Amino acid sequence: MSFFIIGLIVLMVFLFVMEPFISGRKFPNRFISKKQLREKDLQTKREHNMQSIADLDLDNAIEKIPKEDYFTLRKAYVTRIENITRELEGLSKGGRSVDVKKQIENEVLVRRKSQKTAAPKSNGRVCSSCSGVNSPESNFCSTCGAKLTIQKPV
Ligand SMILES: [Zn+2]
């Protein structure tokens, strides 16, 4: 009887140890899921950095942070997202290279549009090329550097 129990335990331990190899052969998904986990992690980081840029743009629009800090930080965030995007592209089989910088700006813009309620409703200047919000006195867009010609209320 005790031999039977010992035999059962040995079998269970054996199956436990061999499980990754057995299921790995049966379901190759096991290896993909590790990739997917990394992908999810990268996506979360990307999202986080993207939101940071949107927040940063907002801080800059209301002149909450010094200009040079804004540019340094923004550049750092953009670089970080670029790297994350590249790794994500490498993970997805496609590998087609998109204009990462343009993609980032578009996504930031989407976030900023949803943030508009928090932006000052004063007579700020809206950039015609990137719709960034600038102070009424500014002649150039603080986000993209374009010349601000038309004055529109926010
Ligand atoms: Zn602009």
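This is a short tour of a predicted model, from the whole chain to one helix pair and a nonpolar core.

Residues are numbered from 1 along each chain as its sequence is written. Because the model is predicted, local features need pLDDT of at least 70 and side-chain atom pairs count only at pLDDT 80 or more, while totals for chains, interfaces and linings use all residues.

Begin with the whole chain in cartoon view, where there are 4 helices and 2 strands, running α-α-α-α-β-β from the N terminus; these are DSSP runs numbered from the N terminus, helices being H or I of at least four residues and strands E of at least two.

Next select helix 3 (residues 67–91) and helix 4 (residues 100–115), whose axes come within 10 Å and cross at roughly 115°; the axes are lines fitted to C-alpha atoms over the stretch in contact, with angles from 0 to 180 degrees between N-to-C directions. The two helices are therefore roughly perpendicular to each other, a label given to angles of 65 to 115 degrees.

Now show the residues where they meet: V78, I81, E82 and T85 in helix 3 are in contact with V100, K101 and I104 in helix 4, contact being C-beta atoms, placed from the backbone, within 7 Å.

Finally, select M50, I53, A54, L56, Y77, I81, I84 and V108, which form the largest nonpolar core, a set of buried Ala, Val, Leu, Ile, Met, Phe, Trp, Tyr and Cys residues joined through C-beta atoms within 7 Å, where buried means 20 or more other C-beta atoms within 10 Å of a residue's own. Helix 2 (29–61) and helix 3 each supply at least two of these residues, and helix 2 gives the most, with 4.

Notes. Parallel < 35°, antiparallel > 145°, perpendicular 65-115°, else oblique. Contact = placed C-beta atoms within 7 Å. Buried ≥ 20, exposed ≤ 12 C-beta atoms within 10 Å, placed from the backbone.
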